[in-house]
Amino acid sequence: MSEDCIFCKIIRGDFGTEFVYETDNTVVFNDINPKAPVHMLVCPKKHYPSLNEVDNKDLLGELLQTVREVTKKIGLKSYRTQINTGREAGQEVFHLHIHILGNK
Ligand code: AMP
Ligand code: ZN
C-alpha cells in the first residue's frame, strides 16, 4: 500500500469501485477514461510502481492469467493488452497495470 497511490486506494475500497474480476493477488476494474468500448485495468493488489520493480514470476503469471480469465468471463475473444512502463512511455499512474482494450 502506498498512501498517495490512487490505485492502492481503489484496491482498498476507498471509492467503492466495482471490480470486474478478482483473484488472490490481482484485481480488474474499468478505466475511468475508456479509450475503447471495453477498457479494463488489471493490477496486482500489492503496490509496485511499474513492471521494472516486479521480480516475482508467480505474480507476473497470475497477472496474465487474470487477463485470460476476465476476458473469458465477459466473452471478449479479441483484445489488445498494453503495459506502459516509465513516464516517457506514457505511464501516468505508478502502480503496475495491464490495459485490456477491446471493441466488443
Ligand atoms: P497509464 O498511462 O498506463 O499509467 O494509464 C493510467 C490509466 O489509468 C489511464 O487510462 C487512466 O484513464 C486510468 N485511471 C486514472 N485514474 C483512474 C481511476 N480513478 N479509476 C480508473 N482508472 C483510472
Ligand atoms: Zn499503488
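## Histidine 97 and its surroundings

In this predicted model, a polar atom of the histidine 97 side chain lies 2.7 Å from the backbone oxygen of histidine 95. Histidine 97 belongs to the loop between strand 4 and strand 5. With a relative accessible area of 7%, histidine 97 is buried, because the cut-off for that label is under 20%.

Which residues does histidine 97 touch, leaving aside those up to four places away in sequence? They are Phe7, Leu41, Val42, Cys43, Gln82 and Ile83. Several of these names come back below: Phe7 in an aromatic pair, and Leu41, Val42 and Cys43 in strand 3.

## The zinc site

Histidine 95, whose backbone oxygen was met above, also has a role at the metal: the zinc ion (ligand 2) is coordinated by Cys5 (SG), Cys8 (SG), His47 (ND1) and His95 (ND1). The coordination distances run from 2.0 to 2.3 Å. For tetrahedral donors, the ideal angle at a metal is 109.5 degrees. Here the four donor atoms subtend angles of 106 to 116° around the zinc ion (ligand 2), so the arrangement is tetrahedral.

Along the chain, the donors of the zinc ion (ligand 2) follow the spacing C-x2-C-x38-H-x47-H. Cysteine 5 sits in the segment before helix 1, and histidine 47 in the loop between strand 3 (38-44) and helix 2 (57-74), so this pair ties together parts that are 42 residues apart in sequence. Cysteine 5 is itself buried, at a relative accessible area of 5%.

## An aromatic pair

How many aromatic pairs does a search of the whole structure find? There is one. Its members are phenylalanine 7 and phenylalanine 29, with ring centres 5.2 Å apart and planes at 80°, which makes the pair edge-to-face. The reasoning rests on the angle, because planes over 60 degrees apart count as edge-to-face.

Phenylalanine 7 is part of helix 1 (residues 6-12), while phenylalanine 29 is part of strand 2 (residues 26-30), so the pair ties together parts that are 22 residues apart in sequence. Both phenylalanine 7 and phenylalanine 29 are buried. Phenylalanine 29 also has a place in the sheet, where its bridge partner in strand 3 is leucine 41.

## The sheet and strand 3

Five strands make up an open sheet in the order 1-2-3-5-4, with antiparallel pairing. Which strands are at the edges, pairing on one side only? They are strand 1 (21-22) and strand 4.

Strand 3 has strand 2 as one antiparallel neighbour, joined by five bridges. Strand 5 (residues 98-102) is another, again antiparallel and over five bridges; within that pairing, valine 38 has glycine 102 as its bridge partner. Strand 4 and strand 5 run antiparallel too, joined by three bridges, with arginine 80 facing leucine 101 as its bridge partner in strand 5.

Is strand 3 mostly covered or mostly open? It is mostly covered, with seven of its seven residues buried. Val38, Met40, Val42 and Pro44 are buried on one side, and His39, Leu41 and Cys43 are buried on the other, leaving both faces covered.

## Threonine 66 in helix 2

Threonine 66 is located in helix 2. At a relative accessible area of 1%, threonine 66 is buried. Its side chain reaches the backbone oxygen of glutamate 62 at 2.7 Å.

Not counting residues up to four places away in sequence, threonine 66 touches Tyr21, Thr23, Thr26, Val28 and Val42. Val42 is thus a contact of threonine 66 and also of histidine 97. If you would like a long-range distance to check in your viewer, threonine 66 and isoleucine 10 are 56 residues apart in sequence and 18 Å apart in space, C-alpha to C-alpha.

## Asparagine 84 in the loop

Back in the loop between strand 4 (80-82) and strand 5, we find asparagine 84. Asparagine 84 is buried, with a relative accessible area of 17%, which is under the 20% cut-off.

What does the side chain of asparagine 84 make a polar contact with? The partner is the side chain of glutamine 82, at 2.8 Å. Beyond residues up to four places away in sequence, asparagine 84 touches Ala89, Gly90, Gln91 and His99. Glutamine 82 also appears among the residues touched by histidine 97, which brings us back to where we began.

Technical notes. Residues numbered from 1 in each chain as written. Chains lettered and ligands numbered in written order. Predicted model: local features only at pLDDT ≥ 70, side-chain atom pairs only at ≥ 80, totals over all residues. Heavy atoms only, no water. Phe/Tyr/Trp six-rings, centres within 6.5 Å; stacked < 30°, edge-to-face > 60°. Helix = DSSP H or I, 4+ residues; strand = E, 2+ residues; numbered from the N terminus. Buried < 20%, exposed > 50% of the residue type's maximum accessible area, 1.4 Å probe, protein only. Donors = N, O, S within 2.8 Å, 3.2 Å for Na, K, Ca; no water. Tetrahedral: all angles 85-135°; square planar, octahedral: opposite > 155°, others 65-115°. Pairing = 2+ DSSP bridges. Polar contact = N/O pair within 3.5 Å; in protein donor to acceptor, adjacent residues only side chain to side chain. Contact = heavy atoms within 4.5 Å.
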